[in-house]
Number of protein chains: 2
Amino acid sequence: MNKEVGITASKNDDFSEWYTQVVIKAELADYAPVKGLIVLRPDGYSIWESIKESLDKKLKETGHRNGFLPVLIPESLLGKEKKHFEGFNPEVFWVTQSGDSEIGDRLALRPTSETLAYSLYSKWIKSWRDLPLKINFWNSALRAEITGTKPFLRTSEFLWQEGHTVHATQDEAENEVMEILNIYKKTIEEELAIPVITGKKSEKDKFVGAVYTTTLESLMPDGKALQMGTSHFLGQNFSKPFDVKYLDVNNVETYAWQASWGVSWRLIGGMIMVHGDSKGLVLPPKVSPIQVVIIPIYYSKEDRETMILEANKIKDSLASNNVRVELDDRDNLTPGFKFNDWELKGIPIRIEIGPKDIAKNQVVMARRYNQTKDDISLDKVSETINLELENIQQQMFVNAKKILDERVVRVSEYQQFKEELKNGKMIDCSWCGNQTCEDKIKEETGAGLRVVPFDGTQKSETCIYCKNSGTTNALFAKGY
Amino acid sequence: MNKEVGITASKNDDFSEWYTQVVIKAELADYAPVKGLIVLRPDGYSIWESIKESLDKKLKETGHRNGFLPVLIPESLLGKEKKHFEGFNPEVFWVTQSGDSEIGDRLALRPTSETLAYSLYSKWIKSWRDLPLKINFWNSALRAEITGTKPFLRTSEFLWQEGHTVHATQDEAENEVMEILNIYKKTIEEELAIPVITGKKSEKDKFVGAVYTTTLESLMPDGKALQMGTSHFLGQNFSKPFDVKYLDVNNVETYAWQASWGVSWRLIGGMIMVHGDSKGLVLPPKVSPIQVVIIPIYYSKEDRETMILEANKIKDSLASNNVRVELDDRDNLTPGFKFNDWELKGIPIRIEIGPKDIAKNQVVMARRYNQTKDDISLDKVSETINLELENIQQQMFVNAKKILDERVVRVSEYQQFKEELKNGKMIDCSWCGNQTCEDKIKEETGAGLRVVPFDGTQKSETCIYCKNSGTTNALFAKGY
């Protein structure tokens with residue numbers, strides 16, 4: 001494979017360039033003609049479909065249903081919850097014309113749909129019998145990103161889901177927030193093999209308009225934290241301006257309690273960064289468009305026929321076991337070129353089948369994630385591959401978890417904080433809870449407060465910055 | 001059920017009002033705050049999910065894959081194919097601002113994605129080995145509708161899929177056009193139980209930029225034709241301005257041949273109109289969010305317990321057979337109210353279970369579509385219901401087909417044309433092929449040329465209008 005086709009940037013030395021090359025050369029995505037926008041090619045979209053299918057199933061099992069909201073929101077509606085509007089206003093795309101006519105009230109392209117959804121919910125909800133109302137929307141959000149756009153991580157339009165739920169009591173709404181966070185954690189860890197740390201965002205970084213925001217954070221190989229999803233408790237902050245109320249069992253009119261939550265295709269970006277290597281993409285089997293590629297090896301016409309025949313037998317046997325399998329029978333390419341091509345694309349398992357293998361009633365199985373090879377018996381290909389796919393999925397998570405655990409370090413001195421940060425670590429420390437200290441740390445080190453973890457070791461140390469009594473544990477890191 | 005809750009308009013006397021009431025009161029959709037836009041509530045979206053799932057499966061089985069395109073298209077790109085641009089320009093929403101900044105090149109909200117897709121395809125396609133390229137996009141399209149907006153039928157944003165394929169030869173591209181048309185026909189007839197007539201659009205009504213457009217037309221109870229989907233042969237009309245070319249086997253640079261095709265949530269509108277009745281929605285079992293509703297009937301606390309217990313047994317047995325079943329155990333509502341409620345929502349089968357039924361080891365099964373009831377044995381509920389769901393699905397199609405066949409009438413005199421049109425008929429006649437006659441007929445009768453059917457009886461009559469030699473059969477009707 002020539003240099004131009006393969007990955008030419010080093011993951012260690014030029015992480016950002018490496019990332020972009022993997023996305024483009026593995027044909028997951030491409031740039032659209034408008035700056036900041038990307039297109040998903042079939043392999044990239046297929047990963048999103050896998051994530052969507054897995055998450056959608058869990059959401060339906062827990063009583064959520066899907067709906068559709070239009071992308072256009074009138075300015076007047078978006079402005080109804082002030083903090084929310086101020087938060088999103090700088091990055092809103094505005095429609096001002098339709099055909100040759102000017103539009104009176106400007107129309108925002110959905111940056112998020114709280115305001116639109118709740119203006120409708122207030123019409124739909126009448127009594128306690130209509131609650132809980134739990135609707136999810138698979139759509140895209142639009143937020144004009146001027147600088148530092150990066151496929152999947154920061155784009156002006158991104159695919160996501162946004163869930164908007166309404167509950168009779170505060171307890172129920174808060175339980176919803178946590179139920180969703182757990183569903184997200186399960187999906188991210190089990191499908192994408194990315195370990196996450198869950199907890200709350202600080203007041204400063206919570207969703208604009210929320211009472212509090214819970215988050216799932218992971219750490220990328222370049223030492224930056226990536227927010228993988230959020231689940232917000234909205235309290236009655238939106239139900240009051242939007243009149244989302246219900247008649248309770250005693251016929252008393254009551255404002256409802258609300259939650260909203262979302263994950264986006266950013267998950268794909270995290271997966272690329274956590275698992276990819278110098279040869280390109282490394283895909284967890286569960287989300288890989290193709291799980292096994294079979295490459296027949298031959299140097300004569302006669303061998304070709306036999307190898308293709310045997311390869312097709314394996315293909316059929318795997319396919320009938322629901323393995324997503326492809327046979328690469330392109331004649332114009334060498335086996336070596338094909339190996340590199342499928343490694344770049346991150347396909348979990350490669351099966352090589354040549355005359356010598358067949359003579360020994362075996363084939364070669366090569367694992368993408370750890371670059372190991374084994375001979376496996378032709379009689380047991382299907383069961384071996386099935387076990388191996390499960391094993392790879394688990395092992396990729398175990399490896400990523402080990403790395404994450406090693407890279408989160410507990411410190412009690414600010415000097416140490418700064419040193420470990422330079423080493424690409426995520427910093428676990430005590431924090432007084434004041435935004436002043438959070439701001440100062442950010443200013444001086446570039447690291448933000450990523451999450452106040454739920455399972456933080458609540459050591460009663462003093463604040464890493466001001467040395468006042470530490471009220472809580474917090475994790476700091478640089479971000480994207 | 002009080003009058004305000006149920007359908008108060010007559011399907012025969014005020015079809016338009018009847019339609020809107022069904023959509024809103026059955027809770028399929030609601031109006032968004034921006035004129036011309038609607039929201040899908042979970043029952044409406046669930047029908048779209050069923051259509052999508054069925055169609056997506058067929059597309060994947062025939063080698064199509066999904067992708068994602070952003071909603072924003074630069075004006076310069078949209079204008080690259082002139083006729084295409086002129087066709088869509090009057091109804092384009094334009095983004096001119098992002099945050100507080102003005103945008104230089106205005107951005108169109110996707111009215112359709114030919115231009116965007118093909119600007120990318122020209123980068124992705126290098127040689128004959130990259131063909132055919134068959135990508136489908138599940139998204140929404142935006143076309144500003146100023147007048148006569150109607151949920152599902154005419155809205156400024158609508159859910160749809162748009163497929164865009166590239167082929168090495170004209171033959172292949174034309175085969176694609178027909179393969180898709182057949183997939184659409186199968187989906188519409190087998191899932192939605194709506195019979196369609198397939199054929200070509202006239203030159204006047206073809207897709208702007210296409211060589212020709214094939215269409216699926218159905219006839220609604222008010223005598224108007226509804227276009228259910230289209231599949232276009234684009235020839236090289238787009239490949240030339242967008243430089244979609246490939247190196248053929250002899251290394252000669254060649255312009256590719258293209259097809260594009262789409263169906264939208266308009267299919268849901270057609271389904272409502274064809275099957276609905278005075279009590280509301282009537283859903284074909286395959287797309288109904290709930291296929292069977294069980295209503296326990298009791299007037300004492302003791303009976304209640306027994307009925308709920310028995311109802312739950314039936315529910316579990318049906319659910320384990322993959323029937324989408326719901327038990328309506330709401331205590332505050334009478335059985336009569338519940339009957340009306342579920343009839344309004346169009347649920348295909350209702351099971352009533354009361355003390356007298358249980359005593360006879362049976363339950364009552366009521367079919368929504370023809371309002372008939374039968375006692376069925378408790379021992380065979382599951383198998384009976386499964387057969388019945390299949391039977392209802394088929395029978396709904398048979399009934400609709402019979403009505404369509406009766407309403408398409410062959411005429412050879414223009415006077416007869418006008419009379420039959422007034423009777424709500426679709427007119428089958430000979431046409432000389434000139435747009436002058438097509439225009440005159442439209443002007444004088446309001447009926448448009450809907451389709452030149454593939455299986456039209458090619459009688460060599462004279463043109464219904466000009467009396468010159470008839471070159472082809474054509475179907476005329478009023479439209480939406």
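This is a short tour of a predicted model, moving from the contact between chains A and B to a few elements within chain A.

**Stop 1: where the chains meet**

Start by colouring chains A and B separately and selecting the residues that touch. You should find 41 residues of chain A in contact with 41 residues of chain B. On the chain A side, the elements that each supply at least two residues include α2 (42–61), α5 (114–124), β5 (93–98) and β8 (157–167). Which strand gives the largest share of that side? The answer is β5(A), with 6 residues. Now colour the chain A side by residue class: 26 residues are nonpolar, 9 are polar and 6 are charged.

**Stop 2: a sheet shared by both chains**

Keep β5(A) selected and add residues 93–98 of chain B, which form β5(B). The two strands pair in the antiparallel sense over 5 bridges. To see one pairing by name, show A:Phe93, which stands opposite B:Ser98.

Next, widen the selection to the whole sheet. It is open and has 6 strands, in the order β4(A)-β6(A)-β5(A)-β5(B)-β6(B)-β4(B), with antiparallel pairing. At the edges stand β4 of chain A and β4 (72–74) of chain B; each has a single partner strand, so one side of each is left without a neighbour in the sheet. Look along the sheet and you can follow its twist: neighbouring strands are turned by 45° against each other on average, direction ignored.

Within chain A, β5(A) is joined to β6(A) by 4 bridges, and the two run antiparallel. A:Val95 and A:Leu107 in β6(A) stand opposite each other here.

**Stop 3: a strand with two partners**

Move to residues 197–200 of chain A, which form β9(A). Antiparallel to β9(A) runs β10(A), residues 212–219, joined to it by 4 bridges. A second pairing, also in the antiparallel sense, links β9(A) with β22(A) (residues 448–453) over 2 bridges. Pick A:Lys200 to see both pairings from one residue: A:Thr214 in β10(A) stands opposite A:Lys200, and A:Val452 is the bridge partner of A:Lys200 in β22(A).

**Stop 4: helix α11**

Select residues 381–407 of chain A. This helix, α11(A), has 27 residues, which at 1.5 Å a residue should span 39 Å; the end C-alpha atoms are 38 Å apart, so the two values agree.

Which residues of α11(A) are buried? They are A:Val381, A:Ile385, A:Glu388, A:Leu389, A:Ile392, A:Gln393, A:Met396, A:Phe397 and A:Ala400. As you look at their spacing, recall that an α-helix has 3.6 residues a turn, so residues three or four places apart point the same way.

**Stop 5: β21 and its surroundings**

Finish with residues 426–431 of chain A, the strand β21(A), where 6 of 6 residues are buried. Show the side chains: A:Met426, A:Asp428 and A:Ser430 point one way, while A:Ile427, A:Cys429 and A:Trp431 point the other way.

Now bring in the neighbours. β20(A), residues 408–410, runs parallel to β21(A) and is joined to it by 3 bridges. Across that pairing, A:Val409 stands opposite A:Ile427. Add helix α12(A), residues 414–422, and you have a right-handed β-α-β unit made of β20(A), α12(A) and β21(A).

β21(A) also pairs with β23(A) (residues 472–479), this time antiparallel, through 5 bridges. For a last selection, show A:Trp431 together with A:Thr472, its bridge partner in β23(A).

How values were computed: Residues numbered from 1 in each chain as written. Chains lettered and ligands numbered in written order. Predicted model: local features only at pLDDT ≥ 70, side-chain atom pairs only at ≥ 80, totals over all residues. Contact = placed C-beta atoms within 7 Å. Nonpolar A, V, L, I, M, F, W, Y, C, P; charged D, E, K, R; others polar. Pairing = 2+ DSSP bridges. Expected span 1.5 Å × (residues − 1). Buried ≥ 20, exposed ≤ 12 C-beta atoms within 10 Å, placed from the backbone. Right-handed = clockwise from strand over helix to strand, strands pointing away. Axes fitted to C-alpha atoms, helices over the stretch in contact; angles between N-to-C directions.
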